[in-house]
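User: I'm new to this one and would like to learn how to read it, feature by feature. Could you walk me through it?

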Amino acid sequence: MFLLNHDGRVPLYTQLYNRFKEEILSGKLPSNSKLPSVRDLAAELSISRNTVEASYLELYAEGYIYSRPRSGYFVSALAQDAVLMSLPRKKRPCGSLPVTDAPCEFDFHPARLDPQAFPVPLWRRCVLDSLRQSSVDLVQYREPQGEWGLRSSIQKYLERSRGVVCDPEQVVICSGLQNSLDIIAHLLKEQRPVVGVENPGYHLPRSVFRNHSFEMVPIPVTSSGIDLDLLQTSGSTIAYVTPSHQFPLGCVMPVANRLRLIEWTKSGGKLIIEDDYDSELRYHGNPIPSLQGLHPAGNIIYLGTFSKVLSPSLRVSYLILPHSLLPGYRRLFQDYYCSVSLLEQRTLAEFMEQGHWDRHLRRMRTLYKKKHDALLRALDRHFGDRAVVLGQGAGLHVVLELKGHAVADGELVERARRNGVGLLPFSITHARDGAGASRFFLGFGGLTPDQIERGIERLVKSWYD
Ligand SMILES: Cc1ncc(COP(=O)(O)O)c(C=O)c1O
């Protein structure tokens, strides 16, 4: 009988998979021996049949077990050498690993995802499928712009869910936002652009623009997104914007403003960079369609990512170039190869084509909505009218604005940290030192509803007691 640990740190199906794998590799479960039926094992361990099924599917996908119709699963015959090589070895001391800060008990960083949410069994199956189909291609350099299959899957997905109008020909596979912006910067540098950036806004693009010596103008954000009057008079030739969920304040740019912004591009070859980073995650009403879809033939570069809903460490994102920039892109990048590996691209394409991506999206929306709602309840209960919440209803974070607090924000972040609550300083979103209101990121993706409740209670105590 296996003893499983129910503390939630390692998923049950992974524990079960590991235990069977050890038993098979050590020979305790000999070749052709029968595994317990899914139903029996689930009953014996008091876990769900889905959990047992998921671990069996992983073992099956990796070839540790095989199935016989109507008889169940059996241990595969493995070569003895391979078995010996796979047996666990003694761990090497890891003294050379970098020392990092101890993680906080309650980490409210806005970029955290649910630690159990990556679809490991399905991904593993797609890796194996794509590996099987790719043996010849793996020994070749592949398409510089990214695999056609993945570009087509992304195009279809964006068309039906984000209203983006494009051909796969316009899709470029990238390894994250900064890689996309690097490509864009090379395409546009001859025009000596002036980039209008939202203030407050996402801080990471600024270092890319700075590294390319682009002039940057911080443009204030109103409750309707970037301030269009100030953009008009700023001298900017490019606007980098997050219109469907402004980062970090969470507002949505109304359609009248979107049309005005598009109008702005029409004189003097101006251009919009639309960063549509997390619009899959809206918890009420319909998704906000993209700005690109309002004027597909216009000067709009559309950016998206798999970092928010699937995994930030896969490093897969994409950009959609307008037709007008394609010849320049081909000229400058014809000798570059794609920065995302073939296997990762094919796996993701399989994942999308087999319908797992759409189901995963629906699951993530439900999962994060529960966390989002738990956070709003906890804030209401513990802060009451000492604070207001901005940017609720979407994404993976909200912003907490304190009313009439006399202590400096840095001191509050430090007090929270000493009490086990990790907060990313909001000041990083200001292009220039922005004193203003006392605001804090509260990311909820990496915490359970119960941890959110306890973390907010701890935060309030660390600030007010
Ligand atoms: C505003 C914004 N854009 C884009 C991204 C995605 O970046 P990447 O694709 O490099 O992971 C993020 C991630 O946090 C973000 O906050």
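User: Let's begin with strand pairing. How many bridges join E12 to strand E13, and in which sense do the two strands run?

Analyst: One thing before we start: this is a predicted model. Now, to call two strands paired, we look for at least two bridges between them. Here E12 and E13 (residues 397-402) are joined by 4 bridges, and they run antiparallel. If you want a spot to look at, find Val 388, which stands opposite Glu 401 in E13.

User: Which sheet do those strands belong to?

Analyst: An open sheet of 3 strands, in the order E12-E13-E15, with antiparallel pairing. At the edges you'll find strand E12 (387-390) and strand E15 (439-443), each pairing on one side only. From one strand to the next, the twist averages 30 degrees. Helix H13 (residues 356-383) packs on this sheet and touches E12, E13 and E15, its direction making about 15 degrees with that of E13.

User: And the other sheet, the one with 8 strands: what is its order?

Analyst: Read it as E4-E11-E10-E9-E8-E5-E6-E7; this sheet is open too, and its pairing is mixed. Strand E4 (171-174) and strand E7 (225-226) are at the edges with a single partner strand each, so one side of each has no neighbour in the sheet.

User: How do I see the mixed pairing for myself?

Analyst: Go from strand to strand. E9 (residues 271-275) and E10 (residues 300-305) run parallel, joined by 4 bridges; there, Ile 272 has Ile 300 of E10 as its bridge partner. Move on to E10 and E11, and the pairing is antiparallel, over 4 bridges, with Leu 303 partnered by Leu 319 in E11. E4 and E11 also run antiparallel, again with 4 bridges, and Cys 174 stands opposite Ser 317 there.

User: Which strands does helix H10 lie across?

Analyst: Helix H10 (residues 255-265) lies across strand E8 (238-241), E9 and E10, and runs at about 140 degrees to E9.

User: Back to E11: which way do its side chains point, and are they buried or exposed?

Analyst: The general idea is that side chains in a regular strand alternate between the two faces of the sheet. In strand E11 (residues 317-320), Ser 317 and Leu 319 point one way while Tyr 318 and Ile 320 point the other, and all of them are buried.

User: Now a helix residue. Why does Leu 459 count as buried?

Analyst: Buried is the word for under 20% relative accessible area. Leu 459 comes in at 0% relative accessibility, so it counts as buried. This residue is in helix H15 (residues 449-464). Leaving aside residues up to four places away in sequence, it touches Phe 383, Ala 416, Val 421, Leu 423 and Leu 442. Its C-alpha atom is separated by 9.4 Å from that of Gly 422, although the two residues are 37 apart along the chain.

User: What about charged side chains? How many salt bridges does the structure hold?

Analyst: Opposite charges on side chains can pair when the charged atoms come close. This structure holds 25 salt bridges. Take Lys 461 and Glu 457, whose closest N and O atoms are 3.8 Å apart. They are 4 residues apart in helix H15, so about one helical turn separates them. Lys 461 is partly exposed at 45% relative accessible area, and Glu 457 is partly exposed too, at 31%. Elsewhere, salt bridges that share partners link Asp 137, Arg 142, Glu 147 and Arg 346 into one network.

User: Can you zoom in on that network?

Analyst: Sure. Arg 142 and Asp 137 meet in a salt bridge with an N to O distance of 3.3 Å. Arg 142 is partly exposed, at 25% relative accessibility, whereas Asp 137 is buried, at 17%. For another pair, try Arg 151 and Glu 143, with closest N and O atoms 3.4 Å apart. Arg 151 is buried, at 4%, and Glu 143 is partly exposed, at 27%.

User: Last one: which residues make the nonpolar surface patch?

Analyst: Leu 131, Leu 138 and Val 139 make it, and it covers about 280 Å². Leu 131 sits in helix H5 (residues 120-134) and counts as partly exposed, at 36% relative accessibility.

Methods: Residues numbered from 1 in each chain as written. Predicted model: local features only at pLDDT ≥ 70, side-chain atom pairs only at ≥ 80, totals over all residues. Heavy atoms only, no water. Patch = residues over 30% accessible without salt bridge, like charges linked within 9 Å, V, L, I, M, F, W, Y side chains within 5 Å. Areas by Shrake-Rupley, 256 points an atom, 1.4 Å probe, with all protein chains shown as cover. Salt bridge = Lys/Arg side-chain N within 4 Å of Asp/Glu carboxyl O. Buried < 20%, exposed > 50% of the residue type's maximum accessible area, 1.4 Å probe, protein only. Contact = heavy atoms within 4.5 Å. Axes fitted to C-alpha atoms, helices over the stretch in contact; angles between N-to-C directions.
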